[in-house]
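Colleague: Could you take a close look at one part of this model for me, the surroundings of the ligand, and then walk outward from there? I'd like one connected account rather than a list.

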Amino acid sequence: MNFTGKNILITGASSGIGCQLVKDLAEENCSLFLIARRKELLLQLSAELKTKPAKIFVYQNDVSDKEDVSKVFAEVKKEAGRIDIALLNAGTNSKLKPDEFSSEDAENIYGTNLFGIIYWAEHLIKEMKANNGGIIAGVTSLADARGFSKNAFYSSSKAAATILLEGMRVDLSKDNIKVITIKPGFVWTPMTRKNNFYMPLLMDVKKASKIILEGIKKEKRVIRFPLPIVIGSMSLKLVPNFIYDRLSVKMRNTGEKLRDKQKK
Ligand SMILES: NC(=O)c1ccc[n+]([C@@H]2O[C@H](COP(=O)([O-])OP(=O)(O)OC[C@H]3O[C@@H](n4cnc5c(N)ncnc54)[C@H](OP(=O)(O)O)[C@@H]3O)[C@@H](O)[C@H]2O)c1
């Protein structure tokens, strides 16, 4: 598979991983449909890339708002005609203090990280079935392995998204719709800049984007990186609960001390 001539939708395109994916895809002869709430950043990005081969269209959208997704999907469809590839990357983490347990925070995180995929996928699946195929790639996280200390909403939203995409992959293969799960480790973006704990093997966003796009080209089922964190997160699933509980808090506390040394 290659990106030439394809209509590609990217949610969460205004910063971090999504923004870098746009910059890299702009080098290809394709059309890019950028989605985020901060339209001014999308317009800025599109202006920056105006000499590149890709055609760029921008849309303001809150992926956690079902009505808004329906409205913006219709606008994209009208412009694009068809959508070949969707990169459902929009995501968020807690804005509250980690110790505050708040349903409002949960609604925000689940609304974006889980329902943001579901609302877009509902339209994309119908569209791609009618077009006899397509690719839906959703960004989850290697943090989906367990309930991490002070990060329960985020890790559980990502676990749900990972399982959702896996089920979709199985069900949609008969319709020639490839569903890809993207599970990054730590990548240096505005999201991780706020973290107050040590992030092992923190990766540059350009490298992460390259790995993701190579994986999509190869139509991998799951794109996960970097390998040591992949192995670590798989191993963590096998750790007995009583050990995990102690380890998790310890990792977090040690991490907070080490984070100061990691400040960039
Ligand atoms: N960075 C990492 O280490 C890491 C690791 C694993 C997984 N991930 C996942 O990778 C994805 C990208 O994260 P990032 O690190 O690039 O973070 P980021 O720099 O904070 O970017 C998040 C993007 O999502 C968009 N977004 C957030 N809420 C939205 C909403 N309700 N509606 C529409 N767009 C929304 C933001 O745009 P607006 O604010 O303009 O709407 C922004 O473009 C996320 O799903 C994240 O969970 C990141």
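What follows is a tour that starts at the ligand and moves out to the charged pairs, the surface and the backbone.

Modeller: Sure, with one caveat up front: this is a predicted model, and every distance and area below is computed from it.

Let's start at the ligand. There are 29 residues around it, and the ones that come nearest are Ser15, Arg37, Tyr154, Val187 and Thr189. Ser15 deserves your first click, as an N or O atom in its side chain sits 2.6 Å from an oxygen atom of the ligand. Right next to that in your sequence view, Gly16 takes part through its backbone, where an N or O atom lies 3.5 Å from a ligand oxygen. Gly185 also uses its backbone: a polar atom there is 3.4 Å from an oxygen atom of the ligand. As for cover, the ligand taken alone would expose 880 Å², and the protein buries 95% of that.

Which elements give two or more residues to this shell? They are helix H1 (16-25), helix H6 (152-172) and helix H7 (190-193). H7 gives the most, with three residues. If you colour the shell by class, you get 12 nonpolar, 13 polar and four charged residues.

While you have H7 on screen, look at Arg193, which is found in that helix. Arg193 is partly exposed because its relative accessible area is 45%, between the 20% and 50% cut-offs. Try a distance from there to Ser14: the two are 179 residues apart in sequence, and their C-alpha atoms are 16 Å apart in space.

If you follow the chain on from H7, you get to Leu201, in the loop between H7 and H8. Leu201 is a backbone oddity, with a positive phi of about 50 degrees although it is not a glycine. Its relative accessible area is 45%, so Leu201 counts as partly exposed.

Now for the charged pairs. Side chains of opposite charge can pair when their charged atoms come close. A search of the whole structure turns up 10 salt bridges. One of them joins Asp144 and Lys183, with the closest N and O atoms 2.9 Å apart. That pair ties together distant parts of the chain, since Asp144 is in the loop between strand E5 (134-139) and H6, while Lys183 is in strand E6 (residues 177-184), 39 residues apart. Are the two partners buried or exposed? Asp144 has 9% relative accessibility, so it counts as buried, and Lys183, at 10%, counts as buried too. Both values are under the 20% cut-off that decides this.

Strand E6 also holds Lys178, which forms a salt bridge with Glu219, the closest N and O atoms being 3.2 Å apart. This is another link between distant parts of the chain: Glu219 is in the loop between helix H8 (205-217) and strand E7 (222-225), 41 residues from Lys178. Here the partners are partly exposed, Lys178 with a relative accessible area of 34% and Glu219 at 28%. Glu219 has a backbone feature as well, a positive phi of about 55 degrees although it is not a glycine.

Two more charged groups are worth a click. Lys174 and Asp175 meet through their side chains in a salt bridge of 3.1 Å, N to O. Lys174 is exposed, because its relative accessible area of 66% is over the 50% cut-off. Then there is a network of salt bridges that links Asp68, Lys71 and Glu75.

Past strand E7, check the peptide bond between Phe225 and Pro226. That bond is cis, with omega about -10 degrees. Pro226 has its place in the loop between E7 and helix H9 (227-238).

Last stop, the surface. Phe242, Ile243, Leu247 and Met251 form a nonpolar patch there, and together they have about 360 Å² of accessible area. Phe242 has its place in helix H10 (residues 241-262). With a relative accessible area of 54%, Phe242 is exposed.

Methods. Residues numbered from 1 in each chain as written. Predicted model: local features only at pLDDT ≥ 70, side-chain atom pairs only at ≥ 80, totals over all residues. Heavy atoms only, no water. Near = heavy atom within 4 Å. Polar contact = N/O pair within 3.5 Å; in protein donor to acceptor, adjacent residues only side chain to side chain. Areas by Shrake-Rupley, 256 points an atom, 1.4 Å probe, with all protein chains shown as cover. Helix = DSSP H or I, 4+ residues; strand = E, 2+ residues; numbered from the N terminus. Nonpolar A, V, L, I, M, F, W, Y, C, P; charged D, E, K, R; others polar. Patch = residues over 30% accessible without salt bridge, like charges linked within 9 Å, V, L, I, M, F, W, Y side chains within 5 Å. Salt bridge = Lys/Arg side-chain N within 4 Å of Asp/Glu carboxyl O. Buried < 20%, exposed > 50% of the residue type's maximum accessible area, 1.4 Å probe, protein only.
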